[in-house]
Amino acid sequence: METLHQILSPDFLLRNSLYTSILVGLACPLVGVYLVMRRLAFMGIALPQISSTGVAIALSLPLWLGFNPAEHGSQSAHTLAFAGSVTFSLAAILTLAFMERRGRGQPEARLGTAYVVASALGILLLSQNPYGEIGWLDMLKGEVIAVSNFDLALTAATLALVLAVLGMFQKELLLVSFDRDMAAILRKNVVFWDVLLYILIGLTVSMAVLSVGPLISFGFLLIPALIAHLFARNMRQFTALASLIGGAAAFIGFYIAYAWDMPVGPADVVLLGVLYATAWTVARLLQAPRFRGPRLSRP
């Protein structure tokens, strides 16, 4: 209880880290449900890694141009990293989505190749960047410690924008995700809504990677949505349950990491894995006839 009291105190030293973790935990599942519905789970693995490589390239640019990034302050570096993360995330998701629509080749092979190349490129850049090495290693390990007020405000503003757009156009985004043929019959611009959804996913992934690293981003994108999918009976339950699971897991994972002096990222992801295994077991037990009821499924 003493640890919980410290974490909930307004004077808690790591309160920005806690708030950022919870924001990411609440927001990532909101776009993760669309990746699960569209059977694009592998994209949820590759995107955070590609986004983190975009951060590495953006932070390496000043060195390649002969500038010392330490002379321009942390906010300039954060803005540059955000630009690199957004650029690479959007470019990757739009390219991969375009290739999927064409239906040629093997999507899993493309995503796997993108993931491993992005990982290798990030390591190469890390080995050549003496200024970003420490922070980059912390990000890869999921160390959510040094979160400034500017970082927290930027994270909150970006995720609030994504949430607002998702809420405003939920019907259209659900229609093109569930039934593209019906959307075309109703004269909906499928390509436009697809691009808008991918932009929202890219923005969320970029902000999450920049705030908490690729490991936590991947965990919160997919695992809460997979857990919620086991029990949700309609789309509203699916979305709300996934977001609540993500937010609760972020808080409990932070508490565990703080109490036992562990990195926050791995603690969050292991906790989500335990929750998923438990939920899967409970869902199988509830498949007995007297418990069985209608479940959310993809048409």
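**Exercise 1. Place Ser243 and find what it touches.**

Step 1. Ser243 lies in helix H12, which spans residues 235-260. The model is a predicted one.

Step 2. Decide whether Ser243 is buried or exposed. Its relative accessible area is 11%. Buried means under 20%, so Ser243 is buried.

Step 3. List its contacts, setting aside neighbours within four places in sequence. Ser243 is in contact with Gly25, Leu26, Pro29 and Leu30.

**Exercise 2. Do the same for Thr239.**

Step 1. Thr239 also lies in helix H12.

Step 2. Its relative accessibility is 16%. The cut-off for buried is under 20%, so Thr239 counts as buried.

Step 3. Leave out neighbours within four places in sequence. Thr239 is then in contact with Leu30, Val33 and Gln170.

Step 4. Compare the two lists. Leu30 is in contact with Ser243, and Leu30 is in contact with Thr239 as well.

**Exercise 3. Follow helix H12 to Ala250.**

Step 1. Ala250 is found in helix H12.

Step 2. Ala250 has a relative accessible area of 0%, so it is buried.

Step 3. Look along the chain. Ala250 and Thr20 are 230 residues apart in sequence, yet their C-alpha atoms are separated by 9.3 Å.

Step 4. Name the contacts beyond four places in sequence. Ala250 is in contact with Ser21, Ile22, Gly25, Phe220 and Asp268. Gly25 is also in contact with Ser243.

**Exercise 4. Describe how H12 packs on H13.**

Step 1. State the geometry. Two packed helices are described by the angle between their axes and the distance between the axes. For H12 and helix H13 (residues 264-285), the angle is about 125° and the axes are 8 Å apart.

Step 2. Classify the angle. H12 and H13 are therefore oblique to each other.

Step 3. Give the handedness. The crossing of H12 past H13 is right-handed.

Step 4. Name the residues. H12 brings Ala249, Ala250, Ile252, Gly253, Phe254 and Ala257 to the contact, and H13 brings Val264, Ala267, Asp268, Leu271, Leu272 and Leu275.

Step 5. Sort the residues by class. The contact of H12 with H13 has 10 nonpolar, one polar and one charged.

**Exercise 5. Examine the loop residue Asp261.**

Step 1. Asp261 sits in the loop between H12 and H13.

Step 2. Check its backbone. Most residues other than glycine have a negative phi. Asp261 is not a glycine, but its phi is positive, at about 55°.

Step 3. Judge its exposure. Asp261 has 72% relative accessibility. Exposed means over 50%, so Asp261 counts as exposed.

**Exercise 6. Describe how H2 packs on H10.**

Step 1. Start with the axes. Those of helix H2 (residues 15-37) and helix H10 (residues 190-212) come within 10 Å and cross at roughly 150°.

Step 2. Classify the angle. That makes H2 roughly antiparallel to H10.

Step 3. Give the handedness. H2 passes H10 in a left-handed crossing.

Step 4. List the residues. From H2 come Thr20, Val24, Ala27, Cys28, Val31, Tyr34 and Leu35; they meet Leu197, Leu200, Ile201, Thr204, Ala208, Ser211 and Val212 of H10.

Step 5. Sort by class. The contact of H2 with H10 has 11 nonpolar, three polar and no charged residues.

**Exercise 7. Place Pro224.**

Step 1. Pro224 lies in helix H11, residues 214-231.

Step 2. At a relative accessible area of 0%, Pro224 is buried.

Step 3. Compare sequence and space. Pro224 and Pro29 are 195 residues apart in sequence and 6.1 Å apart in space, C-alpha to C-alpha.

Step 4. List contacts, not counting residues up to four places away. Pro224 touches Pro29, Gly219, Ala242, Ile245, Gly246 and Leu272. Pro29 is also in contact with Ser243, and Leu272 belongs to the H12-H13 contact.

**Exercise 8. Place Leu61.**

Step 1. Leu61 is found in helix H3, residues 41-64.

Step 2. With 36% relative accessibility, Leu61 counts as partly exposed.

Step 3. Leu61 and Gly84 are 23 residues apart along the chain, and their C-alpha atoms are separated by 9.9 Å.

**Exercise 9. Describe the whole chain.**

Step 1. Count the elements. The chain has 13 helices and zero strands.

Step 2. Give the buried share. Of the 299 residues, 45% are buried.

Step 3. Look at the range of contacts. Take those between residues at least 6 apart in sequence: 81% of them join residues at least 24 apart.

Step 4. Finish with the surface. The accessible surface comes to about 15300 Å², and 67% of it belongs to carbon and sulfur atoms.

Key: Residues are numbered from 1 along each chain as its sequence is written. This is a predicted model: local features need pLDDT of at least 70, side-chain atom pairs count only at pLDDT 80 or more; totals for chains, interfaces and linings use all residues. Side-chain values use heavy atoms; hydrogens and water are left out. Helices (H or I, at least four residues) and strands (E, at least two) are DSSP runs, numbered from the N terminus. Buried means under 20% relative accessible area, exposed over 50%, partly exposed in between (1.4 Å probe, protein chains only). Contact means heavy atoms within 4.5 Å. Accessible areas come from the Shrake-Rupley method with a 1.4 Å probe; for residues, only the protein chains shown count as cover. Axes are lines fitted to C-alpha atoms, for helices over the stretch in contact, and angles run from 0 to 180 degrees between N-to-C directions. Angles under 35 degrees count as roughly parallel, over 145 as roughly antiparallel, 65 to 115 as roughly perpendicular and the rest as oblique. A crossing is left-handed if the near helix is turned anticlockwise from the far one by less than a right angle, and right-handed if clockwise. Ala, Val, Leu, Ile, Met, Phe, Trp, Tyr, Cys and Pro count as nonpolar, Asp, Glu, Lys and Arg as charged, and the others, Gly among them, as polar.
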